[in-house]
Amino acid sequence: MDALGQEISVFSSYLLTEVLKPIARGLATVNIVNILNYVQIQVEFKSGPGLTAQSRSVQEYSVIIENLIMLFNTLYSYLHFHLDPEVNHETFDETHNIASFYTEMGSIIAEPFVTDLTQSCLNDAIPTTPCKTGVLDNFLELVQNFEMILKDTGFLSVDQSSPFGDFKKENMNTMMINKKCTMYLEQARGIMKKPLQVMKQVEPRDVSDLKNATLNRKIAEAIQDEGQDPNNSLCVNLFQFPKCFVSESTLELLDLTQALLADLCTQQDTVCNKLCHTLLNIFIMYCDVVPLYHQKLLDKTPEVSALLHNNCMYVAHHLCTLSDTYREQVAKSQQTAD
């Protein structure tokens, strides 16, 4: 039995690595060919660069699950036999209380397979924006059917908690929001790791761009704080950021911030709140990631340290007027939603 167990382990590992994972990741498709009294499982690997998670549609992820359902049904049909040669296979207990080749295989690779499928397929399949009616529902139904097949055939233990339990219709809104927030945080973190020394000169904006209600209000507040005559005017250049160099990654991060805020303005309360916290987390992360990730360069190169100072001042300058710029847009979107 030890030798047989070792062979089952080798077969299971090969199946997981060379067949199940490529299919789950969308790198291969499976075709079942019935030939007389045996079956041929054909795994066709896709040529060329694979699709990224962002370029796949929900329908393509549904095809992956359909491929896996077809494969596991075939494996169960041909590998669900008792390991003891003295057992009568015609009267073999179908309740899976007795170990078979198939169930032993499941006990070895079920956990890593479920983990890989969840990370490389199911999580990626959740969209960050609403998709066509019924498309996501069909995908979720396929996932639940697949889990039922794995449990009914004994690949997963019936006592095991639902591995795909989160992938249900009632959880989709929360999962979509969380994925959207994670996407923004991952993009921001990637930008923060870009070289600081790649820089670009920034100049004061055109004064005409600054003549708006927000600026007028801030000027009035500044005058009032100083106890000056409200009829006196301040130069608009007082609120300009001086000409200097900043890292291109800083400009890219602020562009991402603008995209997040534009997205926020189209959302309802629940999503708005999460995106606001995500925006806050981006700049908290900036304070933690940038000095640590670029520490060696900052310690050795004073010029880069000065550049980081400019970056921080430039970010702070834009954050000071961020709420004023988008307050009215967010308020309008909330009124529309109501």
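These legends go with a set of close-up views of a predicted model.

**View 1. The whole chain, before zooming in.** Here's the predicted model in full: 338 residues, arranged with twelve helices and four strands. Buried residues make up 38% of the chain. Take the contacts with a separation of 6 or more, and 72% of them are between residues 24 or more positions apart. The accessible surface of the chain comes to about 19,900 Å², and carbon and sulfur atoms account for 53% of that.

**View 2. Y102 and F155, a tilted ring pair.** A search of the whole structure turns up eleven aromatic pairs, and this close-up picks out one of them, Y102 with F155. The ring centres are 5.9 Å apart and the planes meet at 55°, so the pair counts as tilted. In sequence the two partners are 53 residues apart, and the pair links distant parts of the chain. Y102 belongs to helix 3 (residues 101–125), while F155 sits in the loop between helix 4 (135–152) and helix 5 (172–192). Both ends of the pair are tucked away: Y102 is buried at 0% relative accessibility, and F155 is buried at 3%.

**View 3. F146 and F164, a stacked ring pair.** Next up are two phenylalanines whose ring centres lie 6.4 Å apart. Their planes are at 10°, so this pair is stacked. F146 comes from helix 4 and F164 from the loop between helix 4 and helix 5, so the pair ties together parts 18 residues apart in sequence. As for exposure, F146 and F164 are both buried.

**View 4. The aromatic cluster.** Pull back a little from the two pairs and they turn out to belong to one cluster, with ring pairs linking F72, Y76, Y102, F113, F146, F155 and F164. Y102 and F155 bring the tilted pair to this group, and F146 and F164 bring the stacked one.

**View 5. The cavity and its lining.** The structure holds one cavity of 30 Å³ or more, and the volume of the largest cavity is about 40 Å³. Around the largest cavity you'll find I191, M192, L196, S249, T250, L253, Y286 and V290. Helix 5, helix 8 (248–264) and helix 9 (269–293) each put at least two residues into this lining. Helix 8 gives the largest share, with three residues. By type, the lining breaks down into six nonpolar residues, two polar ones and no charged ones.

**View 6. S62, a buried serine in helix 2.** This close-up centres on S62, part of helix 2 (residues 58–79). With a relative accessible area of 10%, S62 falls under the 20% cut-off and so counts as buried. Setting aside residues up to four places away in sequence, S62 touches F139 and L142.

**View 7. N34, an exposed asparagine in strand 1.** The last close-up turns to N34, found in strand 1 (residues 28–35). N34 has a relative accessible area of 60%, which puts this residue over the 50% cut-off and makes N34 exposed, whereas S62 in the previous view is buried. N34 still has partners to show: leaving out neighbours within four places in sequence, N34 is in contact with V39 and Y78.

Conventions:
Residues are numbered from 1 along each chain as its sequence is written. This is a predicted model: local features need pLDDT of at least 70, side-chain atom pairs count only at pLDDT 80 or more; totals for chains, interfaces and linings use all residues. Side-chain values use heavy atoms; hydrogens and water are left out. Rings of Phe, Tyr and Trp (its six-membered ring) pair if their centres lie within 6.5 Å; planes under 30 degrees apart count as stacked, over 60 as edge-to-face and the rest as tilted. Buried means under 20% relative accessible area, exposed over 50%, partly exposed in between (1.4 Å probe, protein chains only). On a 1 Å grid over the protein atoms alone, a cavity is a set of points where a 1.4 Å probe fits but cannot get out, and a pocket is an open set with protein on both sides within 12 Å along at least five of seven lines; lining residues have an atom within 4 Å of a point. Grid points are joined across faces, edges and corners, and a volume is the space filled by probe spheres set on the points. Ala, Val, Leu, Ile, Met, Phe, Trp, Tyr, Cys and Pro count as nonpolar, Asp, Glu, Lys and Arg as charged, and the others, Gly among them, as polar. Contact means heavy atoms within 4.5 Å. Accessible areas come from the Shrake-Rupley method with a 1.4 Å probe; for residues, only the protein chains shown count as cover.
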